[in-house]
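Let's take a walk through the charged side chains of this protein. Have the structure open and follow along.

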Amino acid sequence: MSIYDTLNAKQRQAVEQTEGPVLILAGAGSGKTRALTHRVAFLIDECGVNPWNILALTFTNKAAGEMRERVDQIVGFGAESIWVSTFHSMCVRILRRHAELLGYADHFVIYDSDDSKNLLKSICKAHNLEREHLKVRQIASRISRAKDSLVRASEFLTGGVADQDDVLVAKAYEEYEKALKENNAMDFDDLIFNTVELFRREPEVLKSYQERFRYIHVDEYQDTNTAQFELIRMLADRYRNLCVVGDDDQSIYRFRGANIRNILDFEKVYPDAAVIYLEQNYRSTEMILHAANAVISNNRSRKEKELWTEEGEGQRVRFHQFATAYEEGQFVAREVASSKRLKNENYCDMAVLYRTNAQSRIIEEQFVREGIPYTLVGGVNFYARKEIKDMIAYLRVVDNGDDDLSVRRILNVPGRGIGTTTVANVDRYAGDHGLRFFAALKEADQIPGCERSAQKLLSFVEMIRTFRTLAHELPLAELLRQIISTINYRDYLKKEGEKDESGDNDRERNVDELISKLVDYEERNEEPTLAGFLEEVALIADIDSVDENEDRVLLMTLHSAKGLEFHRVYITGMEEELFPSYMTLEAEASDPAAMEEERRLAYVGITRAKRILTLTAARERMINGNRRYNEVSRFVREIPRDCLEDIRGDSLGDGDGASYRSSSPDPFSNRSGNGRTIAEWKQSSYEEVPESRVSDVEPALTQELYRAISGTGRAREEIEHEPGSSIYGMKKRPRAEMGKPRNRAVPDKRPYARSKSKGLDGLTKGVPGTVPIDYTEGDRVRHVKYGDGTVTSMEPGPRDTKVTVLFDECGQKILYAQFAKLKKL
DNA sequence: AAAGCAAGCTTTTTT
DNA sequence: AGCTTGCTTT
């Protein structure tokens, strides 16, 4: 009896096929991690492979951690010397060692998507590259796709016809690449790109890693992009022991460069590859698998396969359509609560999934009402929060003075009276003298135009210097505490909080949380360094910190749910335009592959469920502040009737012609009686439906439309008066403080409630000097911006004199004499 | 000159 | 519904 006896025949084959290229097509829940970990054990125990020579790559830290744990359990000896790592952390490790070969210092910083977007934005602004139709976001995405495909800035325009936009992107890409290097920074894409670059340029370095990684494993292979594929290919080129595991049906990251061809064409690249199909599912019931198989069979670009199970028939997939998203959330929350109370199910065995993060809030509200503990995965990443980014920026500047982006971020946070004009002056000076931004700050007293702000800038530089000294003397957590107290950051947050009218101290708690993360980091590492911590922080993903042992319901996007499984799963928002998304529908004609990706996402969602799967939809929903009426998702309609059960939600199921069980003989046509389809109606927003035509629409929809149009109907009232309803909208991501509705209609009437504390950072503040006033009422004056005008009145105030001027061009303005600097004519 | 505030603008998914 | 931009206030 060995550990391999518990594997099925296919899994065993995957384990024992140790030599040469291997493609394991592992359907959802088919025990691929099991196969992979046993394969690693087999290599060590049965084939005598040195653990040191084994590499296993995953996409998330969580997956890497899990694999490491499981390998540790079954491998008796030497498990710790196996490299189990994410693509990105492996690349960082390699790059740190050889950065100088690429012209980087070894303490390069890693920019997250937020940082790189900011950097690109400033570049586009400086070079005037923004266009109406080509936003920074799109430029960023095109640069990122280029890097994913190993296309350099200099190569961007080669091969193929280039239009105006391409030229623009190429220019932005070029400048962006340059700026990153100057800042001694790499973005996520660079980590992979530069590692490939390193291997191409330095055959000896590549060879050393090829020798080390003789047996390579790649999990979630369908999510690899071209650059990642090339990286693996190069590493495996010497020994050709490459085992990739994936499922083309679960490829859902095309939008960020994943190349499904990597898995579909694996056999073309490696004609001698052994291909193993794992189709037995150990997770779900027949009903759920049948539904999943039916949905995914509508895709054309895929490897034909069908999951099967011995887990029994199970109950049908349930479907509910509700009148509103609010009712949908309420239903889910109530059912979750009663499953816990009456059926003794655990919260941690349940999950609520949705297409977009924006949908989480309305569910959260209902969970809070029901008192259900939940964990929200994703949304605003902890490390993406303003207060955390501020603190990280301070730490980064202490670590790397070349990181201009971070210097700029913190220069006036908390406020030190350093504004845009001053920054522009420093920029010009830095450019003229070939200095980095921070280096230019050191010479502030010589910068033209900065005479008055020079002292502030020099104090800032001095402060950073002090922090750098402290960094050598203090533990990291202590350094951060010092920074926080020196800049009075907590007071700053309190002040910010007050004007945000929320009054909670989420932000301060987040800062405390960051300190504990630093403490934790220092305890875990033998040689903790600031750079090490910053690196760890940069590569963290939301899903990484989910603790499955806590008895809480998980709320997350379908994307985040990949790789997880739950006894009970709710997929909410099963509506056209939401899922599949509006974007996908728009692009359907030009990009049919996009719809296939949405369908794969549906497949991923369905196959997360072990026993009970519930799909829900709402007839009415607020999307981006607009009330929308969407049909039931095509993915619901693709599930065969014999494994789908309509549950009485609102008015569905009693044959009143609502929703997809329409009165039309063809349930998919959705044609109303008046020549115009529901789809056409719903395309226009409800305001555009003429009231006289309202009764023309399908009856079930009529009521909804009428209520919405009249604004007096029951539906609207119900929603608005319900506490925690979406109409009020909540600030930020609530977490603990949910439930209390915040009525934005009644602003806080305390105009001077803001604290007046001065000298937040202990730095000297420049006070504008007094200006002699040589004009009076009736005089003609000139203003730098507004031009010439006549002074109509002057009113002395406690601090300054208010001057009212009637400008010839710009009309009447009320100005303060001190700042207006009016010149008498 | 910089901070505060109101009005526009855009919307997927994220290592 | 939240963020950026432009205008007003100090």
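**Following the charges**

Helix 5 is the biggest contributor to the positive patch, giving 3 residues. The patch itself sits on the surface and is made up of K117, K121, K125 and R137. Pick out K121 as a place to begin: K121 lies in helix 5, and it counts as partly exposed because its relative accessibility is 41%, between the 20% and 50% cut-offs. Keep in mind that this is a predicted model.

Now for the paired charges. Side chains of opposite charge can pair when their charged atoms come close. This structure holds 69 salt bridges, and a few of them are worth a visit.

Stay with helix 5 and find D114, whose side chain meets that of K389 in a salt bridge, 3.7 Å from N to O. This pair links distant parts of the chain, with D114 in helix 5 (residues 113–126) and K389 in helix 16, 275 residues apart. How buried or exposed is each partner? D114 has a relative accessible area of 31%, so it is partly exposed, whereas K389 is buried, at 5%.

Next, slide along helix 16, which covers residues 386–399, until you get to R396. R396 counts as buried because its relative accessibility is 8%, under the 20% cut-off. What does R396 touch, leaving aside residues up to four places away in sequence? Its contacts are V109, I110, Y111, D112, D115, D403, S406 and L534.

Jump over to R568, which forms a salt bridge with E345; their closest N and O atoms are 2.8 Å apart. R568 lies in strand 15 (residues 566–571), while E345 lies in the loop between helix 14 (325–343) and strand 12 (350–354), so the pair ties together parts that are 223 residues apart in sequence. Both R568 and E345 are buried. Elsewhere, salt bridges that share partners join D112, D114, D115, K389, R396 and D403 into one network. That brings D114 and K389 back into the picture, along with R396.

One last pair to look at is R302 and E304, whose side chains meet in a salt bridge at 3.7 Å, N to O. Here R302 is buried, because its relative accessible area is 13%, whereas E304 counts as exposed, at 63% relative accessibility.

Notes
Residues numbered from 1 in each chain as written. Chains lettered and ligands numbered in written order. Predicted model: local features only at pLDDT ≥ 70, side-chain atom pairs only at ≥ 80, totals over all residues. Heavy atoms only, no water. Helix = DSSP H or I, 4+ residues; strand = E, 2+ residues; numbered from the N terminus. Buried < 20%, exposed > 50% of the residue type's maximum accessible area, 1.4 Å probe, protein only. Contact = heavy atoms within 4.5 Å. Salt bridge = Lys/Arg side-chain N within 4 Å of Asp/Glu carboxyl O. Patch = residues over 30% accessible without salt bridge, like charges linked within 9 Å, V, L, I, M, F, W, Y side chains within 5 Å. Areas by Shrake-Rupley, 256 points an atom, 1.4 Å probe, with all protein chains shown as cover. Lys, Arg positive; Asp, Glu negative; His and termini not counted. Charge placed at Lys NZ, Arg CZ, Asp CG, Glu CD.
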